[in-house]
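Subject: Structure handover

Hello,

Here is the structure I promised to pass on. Please open it first, then read my notes below.

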Amino acid sequence: MKSAPNLILIGPMGSGKSSIGRRLAQRLGLPFVDVDREIEHATGASIPLIFELEGEEGFRERERDVLARVCAGHGQVIATGGGAVLLPANRELMPTRGFVVHLSVTLDNQLRRLVQDRNRPLLQHPDRRERLRQLGEQRAPLYAAVADLEYDTGRSGVRQAVERLETLLQQHWQLSAPQPPAPEIPAPAPMDTAP
Ligand code: S3P
């Protein structure tokens, strides 16, 4: 049983981190925080616009800063972006600030769930299957290295996944007692998106 201050969901795009995370948070009576939405909120720009203006590298820096700020909190269910495991700093941080669950998904299910998507810059590619396969191959060892638990979302719907995951969590994770507040990490400055 691991005692940790947050529950952190990692895994590829379309694995259900946000949908499962939101419902799980409700059931656990904890606030839900989606790191992608926090990045958009902090910058005042959408993720596609951040990629357009600053490239993937700029996005990863913003993601690292926001993840650090969110992880400093306590008692939250945190959904991360699929690439949050890419930076070594994030891979070091997450297991120290949470019980980390890797939501895994088959390529077919991923493609099915993302078929309508226009908001994920890395997916705007003529061959989505190949793109997702490459990303999966590159990132699978990183998810495995960071995770305390892997949960295969399979073909189950969100409700079933949440119920099963909740049962597993009761056996593996306990929320640690709150610590005295750490000095707050300031929010990153908004982006200048004026033309
Ligand atoms: C990304 C996944 C996205 C978002 C960004 C980059 C990735 O989050 O952070 O488009 O590198 O896999 P989701 O996993 O929530 O789709």
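**Pocket and ligand**

The residues that line the largest pocket divide into seven nonpolar, 10 polar and 10 charged. Keep in mind that this is a predicted model.

Some basics on that pocket. The largest pocket holds about 500 Å³ of space. Its lining has 27 residues. Closest to the centre are M13, D36, G81, G82 and R120. Three elements each give two or more residues to the lining: helix 1 (17-28), helix 2 (35-43) and helix 3 (47-71). Which of the helices gives the most to this lining? Helix 3 does, with six residues.

Now the ligand. Where does it sit? The space that the ligand takes is the largest pocket.

There are 13 residues around the ligand. K17, D36, R60, R120 and R139 come nearest. Two of these names should look familiar: D36 and R120 are also among the residues closest to the pocket centre. The shell around the ligand divides into five nonpolar, three polar and five charged residues. Helix 3 gives the most to this shell too, with three residues.

Three side chains have short distances to ligand oxygen atoms that you may want to display:

- D36: a polar side-chain atom lies 2.7 Å from an oxygen atom of the ligand.
- R60: an N or O atom of the side chain is 2.7 Å from a ligand oxygen atom.
- R139: a polar side-chain atom lies 2.6 Å from an oxygen atom of the ligand.

How much of the ligand does the protein bury? Taken alone, the ligand exposes 390 Å². The protein buries 96% of that.

To look at it yourself, start from D36: this residue is among those closest to the pocket centre, and its side chain has a polar atom 2.7 Å from a ligand oxygen.

Best wishes

Terms used: Residues are numbered from 1 along each chain as its sequence is written. This is a predicted model: local features need pLDDT of at least 70, side-chain atom pairs count only at pLDDT 80 or more; totals for chains, interfaces and linings use all residues. Side-chain values use heavy atoms; hydrogens and water are left out. On a 1 Å grid over the protein atoms alone, a cavity is a set of points where a 1.4 Å probe fits but cannot get out, and a pocket is an open set with protein on both sides within 12 Å along at least five of seven lines; lining residues have an atom within 4 Å of a point. Grid points are joined across faces, edges and corners, and a volume is the space filled by probe spheres set on the points. Helices (H or I, at least four residues) and strands (E, at least two) are DSSP runs, numbered from the N terminus. Ala, Val, Leu, Ile, Met, Phe, Trp, Tyr, Cys and Pro count as nonpolar, Asp, Glu, Lys and Arg as charged, and the others, Gly among them, as polar. A residue is near a molecule or strand if one of its heavy atoms lies within 4 Å of it. A polar contact is a pair of N or O atoms within 3.5 Å; within protein, one must be able to donate a hydrogen and the other to accept it, and residues adjacent in sequence count only if both atoms are side-chain atoms. Accessible areas come from the Shrake-Rupley method with a 1.4 Å probe; for residues, only the protein chains shown count as cover. A molecule sits in a cavity or pocket if more than half of its atoms lie within 2 Å of its grid points.
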